[in-house]
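Reader: I would like to go through this model with you, from single residues to the whole chain and its ligand. Could we begin as soon as the structure is in view?

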Amino acid sequence: MPTVVTLGEAMVVFTSEEYIPLEYATSFKKGLGGAEANFAVGVRRLGVDVGWISRIGKDPFGNFIIKNLKSEGVDVSGVKIDEDHPTGIYFKEKRNSIIANVYYYRKGSAASFMVPEDLDEGYIASAKILHITGITPALSDTCRATVYKAIEIAKSHNITISFDPNIRLKLWKDNEYKRVLLDIAQYADIVLPGLEEGKMLFGITEPESIAKKFLDMGAKIVALKLGNKGAMLVTQEQTIYQLSSKVKEVDPVGAGDGFDAGFIVGLLRGWELKECLRLANDVGAIVVSTKGDMEGLPTMEEVEIFRGNMVHIER
Ligand code: KDG
């Protein structure tokens with residue numbers, strides 16, 4: 001049984017190959033995305049067993065997703081094939097080197113039909129970490145109920161819950177995300193938000209005050225992503241700042257998932273919190289410097305090369 005378990009939707013992502021409005025784009029690169037699937041691949045590449053729970057359609061895109069995740073070594077035994085609904089897809093539009101947009105085609109997707117009964121209690125109960133994000137509860141009422149069921153199982157078996165709010169406004173009605181995500185956050189032991197998300201959830205701007213809010217809600221650790229300024233970690237006892245390494249940003253999508261993966265792997269290895277934060281930051285930095293949602297997720301060896309502790313020798 002995997003040490004880390006996560007649940008959510010994976011999609012096939014089509015990224016336009018040139019800087020052009022999507023309307024005029026003619027060629028696309030096919031890839032794989034979905035926050036929790038990215039996280040799972042990140043955890044696995046860093047050397048920890050991980051299982052991803054979901055539904056995919058009985059279609060070529062579902063096959064693509066499952067084959068890819070299996071080849072990464074992610075446990076997919078908790079994935080159901082849904083014969084009646086398609087695998088979700090999304091498009092990434094690159095208007096220019098600064099502006100990018102995403103267009104989802106995931107309403108009514110197989111993953112949005114996840115139900116609490118899809119969960120195997122023993123599977124979650126034997127993990128050390130359950131990682132959830134704010135995307136899954138936005139997909140449908142049954143997905144939201146599935147997230148709450150996973151939380152209930154984790155709580156009843158003392159499994160640590162990590163939570164990334166991952167606010168995707170295109171998936172929410174009005175301000176509904178605030179109520180739902182703040183409710184979920186109170187069950188989390190580890191919260192991994194972006195600074196902007198903290199601002200949106202609490203209406204305050206100071207990173208320290210945002211972290212304190214999550215601590216007051218019950219979190220033991222808050223690791224706040226500060227973009228190219230690095231990250232900040234807060235517990236009741238300490239506050240740690242970590243500057244980010246300078247990298248050339250080519251695609252920020254998936255960096256937060258990489259950060260989460262690095263942080264959780266550091267914790268599972270029993271590292272000092274400062275080292276966990278450093279790994280999280282470095283994984284995030286490596287991801288933003290690579291095109292694709294999950295392509296850039298590094299192995300531990302690649303992290304060492306990035307840090308200059310190892311030399312890459314091409315054989
Ligand atoms: O965190 C990156 C994800 O957001 C991306 O891979 C796909 O938009 C996506 C989603 O909703 O999971």
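Reader: Leaving aside its neighbours within four places in sequence, with which residues is Lys30 in contact?

Author: This is a predicted model, and the answers below should be read with that in mind. Lys30 lies in strand S3, which covers residues 28-33, and at 40% relative accessibility Lys30 counts as partly exposed. Beyond the neighbours within four places in sequence, the residues in contact with Lys30 are Val12, Val13, Phe14, Phe61 and Phe64.

Reader: How many Å separate the C-alpha atoms of Lys30 and Ser54?

Author: Along the chain, Lys30 and Ser54 are 24 residues apart. In space, the separation of their C-alpha atoms is 21 Å.

Reader: Is Tyr123 buried or exposed?

Author: Tyr123 lies in helix H3, made up of residues 121-125. The cut-off for a buried residue is a relative accessible area under 20%, and the value for Tyr123 is 6%. Tyr123 is therefore classed as buried.

Reader: With the side chain of which residue does the side chain of Tyr123 make a polar contact?

Author: Leaving aside neighbours within four places in sequence, Tyr123 is in contact with several residues, including Met1, Pro2, Trp52, Asp75 and Ser77. One of these, Asp75, is 48 residues from Tyr123 in sequence and 11 Å from it in space, C-alpha to C-alpha. The side chains of the two make a polar contact of 2.5 Å, and the partner of Tyr123 is thus Asp75.

Reader: Which side chain does a polar contact of 2.6 Å join to that of Asp282?

Author: Asp282 belongs to helix H10, residues 273-288, and is buried, with a relative accessible area of 5%. Outside the four places on either side in sequence, Asp282 is in contact with Ser245, Val303, Phe306 and Arg307. The polar contact of 2.6 Å joins the side chain of Asp282 to that of Arg307.

Reader: What is the phi of Asn158, a residue other than glycine?

Author: Asn158 is found in the loop that runs between helix H5 (141-156) and strand S9 (160-164). With a relative accessible area of 73%, Asn158 is exposed. Its phi has a positive value, near 60°.

Reader: And what is the phi of Asp174?

Author: Asp174 sits in the loop between S9 and helix H6 (176-185), and at 72% relative accessibility Asp174 counts as exposed. Although Asp174 is not a glycine, its phi is positive, at about 45°.

Reader: Where is Arg179 placed, and how far is its C-alpha atom from that of Leu201?

Author: The place of Arg179 is in helix H6, and at 56% relative accessibility Arg179 counts as exposed. Arg179 and Leu201 are 22 residues apart along the chain, and the separation between their C-alpha atoms is 8.7 Å.

Reader: Turning to the ligand, which of the 14 residues around it come nearest?

Author: By class, the shell around the ligand is made up of six nonpolar, four polar and four charged residues. Of the 14 residues in this shell, those that come nearest are Tyr104, Arg106, Arg168, Asp257 and Asp293.

Reader: What percentage of the accessible area that the ligand has on its own does the protein cover?

Author: A backbone N or O atom of Ala35 lies 3.0 Å from an oxygen atom of the ligand. Side chains also approach ligand oxygen atoms, with an N or O atom of Tyr104 at 2.8 Å and an N or O atom of Asp257 at 2.7 Å. On its own the ligand has 310 Å² of accessible area, and the share of this that the protein covers is 96%.

Reader: Why is the chain said to be as compact as a globular protein of its length?

Author: The secondary structure of the chain comes to 11 helices and 13 strands. For 315 residues the globule rule gives a radius of gyration of 20 Å, and the chain counts as that compact because its own value is close to this, at 18 Å.

Reader: Among contacts in the chain between residues at least 6 apart in sequence, what percentage join residues at least 24 apart?

Author: The C-alpha trace spans about 50 × 45 × 45 Å along its principal axes, and 54% of the 315 residues count as buried. Among the contacts between residues at least 6 apart in sequence, the share that join residues at least 24 apart is 70%.

Note on methods: Residues are numbered from 1 along each chain as its sequence is written. This is a predicted model: local features need pLDDT of at least 70, side-chain atom pairs count only at pLDDT 80 or more; totals for chains, interfaces and linings use all residues. Side-chain values use heavy atoms; hydrogens and water are left out. A residue is near a molecule or strand if one of its heavy atoms lies within 4 Å of it. A polar contact is a pair of N or O atoms within 3.5 Å; within protein, one must be able to donate a hydrogen and the other to accept it, and residues adjacent in sequence count only if both atoms are side-chain atoms. Accessible areas come from the Shrake-Rupley method with a 1.4 Å probe; for residues, only the protein chains shown count as cover. Ala, Val, Leu, Ile, Met, Phe, Trp, Tyr, Cys and Pro count as nonpolar, Asp, Glu, Lys and Arg as charged, and the others, Gly among them, as polar. Helices (H or I, at least four residues) and strands (E, at least two) are DSSP runs, numbered from the N terminus. The radius of gyration is taken over C-alpha atoms; the globule rule is 2.2 Å times the number of residues to the power 0.38. Buried means under 20% relative accessible area, exposed over 50%, partly exposed in between (1.4 Å probe, protein chains only). Contact means heavy atoms within 4.5 Å.
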